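Reader: I have a model open and want to go through its ring pairs and one helix packing. Can we take it step by step?

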Amino acid sequence: MPIKTNPWTLGLPLIAMLWLLHIFDAPQRLNFWIYDTLITAYPADIAPDVVLVGIDERSLDDLGQWPWPRAVHARLVEKLAAAGAETIVFDVLFSEATPDDPDLASAMAAHGQVILPLHLSPLSSNQLITTHLPAPDLATAAAGLGHAHVELDEDGIARGTYLRNGLGDRLWPSLALAAAGVGQSPGPDPEAAPYTNVRQQYRAVPLAGGAGTITAYSYSNVVSSPPSPERFRNKTVFVGATAAGFGDILPTPFSGLRQPLSGVEFHAQAYSALVENRLISRLPESLSLVLAIIILVFLAVALPRMRPARALGLCLSIALTLLITQVALLLIGSVWFSVAPALIVATLAIPVSSALRLAMTNRFLNRQLDDLAMGPAMSLPKPSVRHPAQLLSHFRALLQPRGWLVAKDEEVIDAEGLSLADVPELTENGRWLHRNNESWIRLVRNGTIYTIGLKLPNDLSREAIQRYLQRLPLMEASTDEPHRSPRENVSARIERVRKATHQMNQMQQFIQRSFESMPDGIIVTDELGVIRFANGHIEEWFGEPTPSLSGLPLARLLDGHDPRETTPWHETVSETLTLAQARTVDLRLSEKSFLIHFAPFALPGSEQNGIIANVSDISELREQQRQHREAIDFISHDVRSPLVSQLALIEQLKRNHGQIDTAQLDQLGMLARRSYHLAEEFVQLARAEQLTETRFYECELLNIVENARDSVSEQATGKGIQLVLNGQEDLWLKGNAELLERAVINLMTNAVQYSPSGSTVTILVFSAGHEACLTVNDEGEGIADEEMPHLFSRYRRQKSSELSGNHGTGLGLSFVNVVVEKHRGSISVDSRLGVGSSFQLKLPMMPPPR
């Protein structure tokens with residue numbers, strides 16, 4: 001996100017930093033470094049007509065100690081003239097007159113193109129600068145005079161010279177300019193005082209290399225050898241000192257101070273660049289400063305509006321453009337334009353802008369961290385920090401114990417049903433001791449010992465409660481190393497960010513897990529009704545993977561699974577969004593009933609809105625409603641009918657109380673028993689439906705079956721039916737033995753009821769893997785195929801059974817099915833008409849003891 005700041009925010013630091021760097025000559029140093037890098041990387045070519053005659057160590061050995069007689073120089077001029085040299089340039093000062101001057105003057109005049117040097121310097125430290133010309137005879141014979149001064153830059157490196165230098169009344173050309181423009185006369189500077197040192201037309205010299213770049217010949221060798229036209233014909237010959245420690249030496253970009261360049265070589269290279277038209281003009285420093293200010297203003301305005309990546313790209317692009325511009329001007333246009341100040345501005349703008357962004361981000365994060373710290377945290381108060389009396393109060397509200405005690409040392413704070421005499425020996429702090437239905441714990445708070453005791457209900461929930469108490473952390477974990485807050489500012493801020501991030505992650509995980517653990521399906525859409533989030537229930541119920549749900553319009557999802565013509569889904573969704581009103585609609589998915597509630601919402605702090613759709617599975621509720629209606633029908637018909645018959649029979653007996661028939665009493669008893677059995681089965685089914693695992697306990701299947709057989713044996717004997725039980729293995733399981741026995745009795749009763757007299761009902765009890773199995777086989781008339789799907793439905797009776805006169809309630813097998821499902825088992829039926837039926841129960845057994 002681009003930061004919005006005032007241009008001065010970035011401009012003022014850049015101006016201050018540029019000014020500070022200018023004080024320490026950083027821009028100039030960078031300017032020189034760029035120039036030297038380019039000059040040494042792309043050296044100039046030496047003009048082909050330039051050679052050098054050097055006064056080297058060999059010449060000093062051969063010709064003697066310096067200074068040499070002017071006659072020696074006269075011989076050199078004569079030899080060079082004989083060799084055809086076009087121009088002879090001396091970088092040797094001949095300021096004092098000597099007796100041999102006529103000889104040298106004569107040789108110079110004979111050649112006609114000899115250039116001599118002059119220099120400007122004060123005679124002593126307290127005098128003005130004067131021009132030191134060659135001796136009069138030599139000055140008259142010379143074809144031209146030129147100053148031999150080389151300009152040293154601020155870092156002590158020779159990079160150029162002034163083409164004109166002198167006092168105000170007379171300016172002299174440089175030695176190279178005099179050599180190239182023979183016959184030019186120096187002129188005065190009309191704006192300068194007569195005794196002012198005036199320098200004009202600075203030009204940087206694109207050197208071709210260091211010492212030895214120009215072809216050089218030894219002075220003594222040229223003087224002592226015959227003329228060499230192949231070496232000097234039509235050449236411009238520079239004569240000067242090249243011996244180490246003799247003459248002027250100049251550090252250059254090629255050599256620095258390690259291998260300085262002799263003055264004569266520098267002048268020769270300056271002449272070469274001059275005749276090749278490659279001398280470099282230097283633009284004023286003010287233009288560089290103007291360019292830097294323009295770029296500074298531009299960046300100060302542009303960078304705060306840009307993203308960091310684009311800002312970095314802009315600064316790098318400007319820096320690269322500046323470098324390319326300087327390279328092109330220098331190497332192609334022979335213009336030295338310093339881009340160093342502008343380059344420094346473009347380079348510094350990156351860290352300064354980043355620092356400003358970081359500072360603003362830091363302030364923003366600090367505010368956000370403060371807001372997060374003040375926001376809701378998803379952390380719950382630990383039980384280990386609560387006072388024991390408060391813990392007891394919470395235990396009483398949650399567990400409803402039959403008795404309790406909390407004591408401080410040996411003083412009872414609160415107690416009921418327990419006393420200090422009941423407290424057992426507690427050897428470990430913070431660990432529960434369970435003794436039958438009593439649970440005790442000793443806690444230490446601020447050096448004080450507290451004792452808590454609970455007397456729990458002595459039922460099936462006791463073990464679960466005691467396991468729960470054992471998991472509660474009621475003592476703080478001791479740490480040997482104390483917590484130390486970071487002293488460094490950055491570390492402290494990082495710690496705050498870590499805590500805030502952890503808090504946000506906790507909140508996000510809590511919200512996500514809450515959505516996933518909710519019993520209802522949750523769909524969140526955007527302002528166009530497009531799904532943006534759906535929890536796992538939606539994926540399961542609609543059969544759509546989560547990735548395909550995201551981005552799918554809600555109306556299209558609902559149309560695809562429950563299309564409807566009246567009040568189509570898109571109207572419901574659009575009205576929820578446009579009218580901002582909640583809607584509740586029935587939904588049918590895969591033969592299951594749902595209720596979907598559409599609720600509009602708006603995100604706080606924004607204009608975004610959407611829908612939260614809550615999908616509730618009401619299949620069980622609808623089934624309960626259906627069962628309720630069936631129960632009402634059952635009570636109004638099956639239960640009411642025998643009661644009405646009984647009342648009618650009683651009224652008949654009242655009218656004829658003197659003529660009571662035994663058959664009428666039997667009929668009355670039969671009707672009463674039927675009413676009782678109907679009520680009993682109805683009650684048993686209700687009990688089975690309310691059964692939970694908290695009422696389970698260890699029981700043995702074979703013993704349950706034996707008890708059930710004994711309950712049905714009288715009925716079987718009455719019909720002459722033999723009950724055969726096969727099973728010797730004890731099969732232990734976790735369940736409710738009373739209801740399991742009632743279920744087995746129902747199966748055996750049905751087998752006896754629907755079996756012919758004299759037949760056999762076989763009961764098998766065995767294990768198969770981790771399951772306990774029970775099979776009841778009869779030899780009755782069997783069950784028709786069309787009745788098999790509804791065999792375990794409530795209030796459904798077999799048509800064949802009703803026609804045969806075996807009137808039932810339709811609740812017996814439904815009761816068996818409910819009991820088996822509550823025990824996480826299964827029931828199956830195998831029946832053939834005219835042969836018999838076989839009912840098989842499978843129940844999970846308890847794992848064997850380790």
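Reader: Is Phe395 buried or exposed?
Author: This is a predicted model: local features need pLDDT of at least 70, side-chain atom pairs count only at pLDDT 80 or more, and totals for chains, interfaces and linings use all residues. Residues are numbered from 1 along each chain as its sequence is written, and side-chain values use heavy atoms, with hydrogens and water left out. Buried means under 20% relative accessible area, exposed over 50%, and partly exposed in between (1.4 Å probe, protein chains only). Phe395 has a relative accessible area of 6%, so the residue is buried.

Reader: Which class of ring pair do Trp66 and Trp68 form?
Author: Rings of Phe, Tyr and Trp (its six-membered ring) pair if their centres lie within 6.5 Å; planes under 30 degrees apart count as stacked, over 60 as edge-to-face and the rest as tilted. The count by this rule is twelve aromatic pairs. For Trp66 and Trp68, the centres are 5.0 Å apart and the planes stand at 65°, so the pair is edge-to-face.

Reader: Which of the burial classes does Trp66 fall into?
Author: Trp68 has a relative accessible area of 5%, so Trp68 is buried. Trp66 has 27% relative accessibility, so Trp66 counts as partly exposed.

Reader: How many residues apart in sequence are the parts that Phe395 and Trp432 tie together?
Author: The ring centres of Phe395 and Trp432 are 5.9 Å apart with planes at 70°, so this pair is edge-to-face. Helices (H or I, at least four residues) and strands (E, at least two) are DSSP runs, numbered from the N terminus. Phe395 sits in helix 14 (residues 388-399), and Trp432 sits in the loop between strand 17 (411-416) and strand 18 (433-435), so the parts tied together are apart in sequence by 37 residues.

Reader: At what angle do helix 1 and helix 11 pack?
Author: Axes are lines fitted to C-alpha atoms, for helices over the stretch in contact, and angles run from 0 to 180 degrees between N-to-C directions. Helix 1 covers residues 7-23 and helix 11 residues 285-302. Their axes are 8 Å apart, and the angle is about 150°.

Reader: How many charged residues does the contact of helix 1 with helix 11 have?
Author: Contact means heavy atoms within 4.5 Å. Among the residues making it are Leu10 and Gly11 of helix 1 and Leu296 of helix 11. Ala, Val, Leu, Ile, Met, Phe, Trp, Tyr, Cys and Pro count as nonpolar, Asp, Glu, Lys and Arg as charged, and the others, Gly among them, as polar. The contact has ten nonpolar residues, one polar, and charged residues: no.
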